[in-house]
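Trainee: Could you take me closely through one part of this protein, namely its nonpolar core, and then set that core against the pockets and the rest of the chain? I would prefer one connected account to a list.

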Amino acid sequence: MAGIKPPKSLLINNDVAKNWKNWLQQFEWYETAVQLQEKTAEVQAATFMSTIGPDAIHIFNSFNLTAAQQKDIKTIKDKYNNYFIPKINVSFERYNFFKVTQKESETFDEFLTVIRNLAKTCDFEDLNDDLLKDKIIFGIRAEQVREKLLTQEKLDLDKAISICKSSEQTTKQLLELGQNESKIDSVKMSHKEFFCRRCNSKHGKSKCSAFNHKCQKCNKKRALRSFLFFPKV
């Protein structure tokens, strides 16, 4: 399809494994968008290699593929996967998953994204959703929300996520409401009148006319007491 651009060349620097995964994801979206699967195997492989960029071509040349393998896009992807992605230590990946907890400055959505990404390399298979649900219960900061989750019958991942998001939103709204009420109380106090012993009259806060008058004795601004002025000497 015209107008759909392929991904930019693969960057072979910094976190190469992450760069490769992201690039491959982009290419596979592009592959679907332009219906590349309907083309011949040779065209698919040529499109892949003409998109991946010059740095990755040097790596491709080191694979020593046969002529037939060079025309098979799946074989090429597998070779790059083996090259860029180190063998996963499942025990270590699961250790990282189970030890993580929600940070103080982290929203629930941010925490959920972290544990979902960690779970991808843990090989949980059919237990993935159940273990994500358990990780939410053990890992969130809010103790009251944890207690609520633990009292739910037949709690699944979707329900746990819904409860956490709803509780976080409610907490945020209550905090904003409290701040607004505090501002309102402050405004009310500023308009409230009381009897002032300095000027012997009623007025609002900081409205006393006895403040900031120049003393007739020392010429300095000060609060006067019942408007009694010292005579000049």
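Mentor: What follows begins with the chain as a whole, goes on to the core, and ends with the pockets and two single residues.

The model is a predicted one, and its protein chain contains 9 helices and 4 strands. Read from the N terminus, the order of elements is α-α-α-α-α-α-α-α-α-β-β-β-β. Of the 233 residues in the chain, 30% are buried, and among the contacts between residues at least 6 apart in sequence, 49% join residues at least 24 apart.

Now to the core itself. The largest nonpolar core has 22 residues, and the members that touch the most other members are F97, F108, I115, I136, I140, L149 and C164. Two or more residues come from each of α6 (108–119), α7 (128–139), α8 (143–150) and α9 (157–191). As a general background, nonpolar side chains in soluble globular proteins tend to be buried together. I140 deserves a closer look, since this residue is one of those with the most contacts to other members. Once residues up to four places away in sequence are set aside, I140 touches Q102, F108, F111, K135, V145, R146, L149 and C164. Of these partners, F108, L149 and C164 also appear among the core members that touch the most others. Apart from this core lies another, of 21 residues, which includes F48, F60, L65 and F84.

The second largest pocket offers a link back to the core, because F108, one of the well-connected core residues, is also among the residues nearest the centre of that pocket. Its volume is about 260 Å³, and of its 14 lining residues Q102, F108, R141, A142 and E168 lie nearest the centre. Q102 is also a contact partner of I140. Helix α9 provides the largest share of this lining, with 4 residues, and by class the lining divides into 5 nonpolar, 5 polar and 4 charged residues.

The largest pocket has a volume of about 490 Å³. Among its 13 lining residues, K18, K21, N117, K120 and T121 are the closest to its centre. Helix α1 (residues 16–33) gives the largest share of the lining, 4 residues, and the lining as a whole has 4 nonpolar, 3 polar and 6 charged residues. Domain 1 (15–84) and domain 2 (90–175) each contribute at least three residues to this lining.

Two charged residues complete the account. E31 is found in helix α1, and E31 counts as buried because its relative accessibility is 7%, under the 20% cut-off. Leaving aside neighbours within four places in sequence, E31 is in contact with L36, Q37, Q44, I73 and K77. K159, by contrast, is found in helix α9, and K159 counts as partly exposed because its relative accessibility of 35% falls between 20% and 50%. Beyond residues up to four places away in sequence, K159 touches Q152 and E153. The C-alpha atoms of K159 and K133 are separated by 9.0 Å, although the two residues are 26 apart along the chain.

Terms used. Residues are numbered from 1 along each chain as its sequence is written. This is a predicted model: local features need pLDDT of at least 70, side-chain atom pairs count only at pLDDT 80 or more; totals for chains, interfaces and linings use all residues. Side-chain values use heavy atoms; hydrogens and water are left out. A nonpolar core is a set of buried Ala, Val, Leu, Ile, Met, Phe, Trp, Tyr and Cys residues joined through side-chain atoms within 4.5 Å. Buried means under 20% relative accessible area, exposed over 50%, partly exposed in between (1.4 Å probe, protein chains only). Contact means heavy atoms within 4.5 Å. On a 1 Å grid over the protein atoms alone, a cavity is a set of points where a 1.4 Å probe fits but cannot get out, and a pocket is an open set with protein on both sides within 12 Å along at least five of seven lines; lining residues have an atom within 4 Å of a point. Grid points are joined across faces, edges and corners, and a volume is the space filled by probe spheres set on the points. Ala, Val, Leu, Ile, Met, Phe, Trp, Tyr, Cys and Pro count as nonpolar, Asp, Glu, Lys and Arg as charged, and the others, Gly among them, as polar. Domain bounds come from an automatic or database domain assignment.
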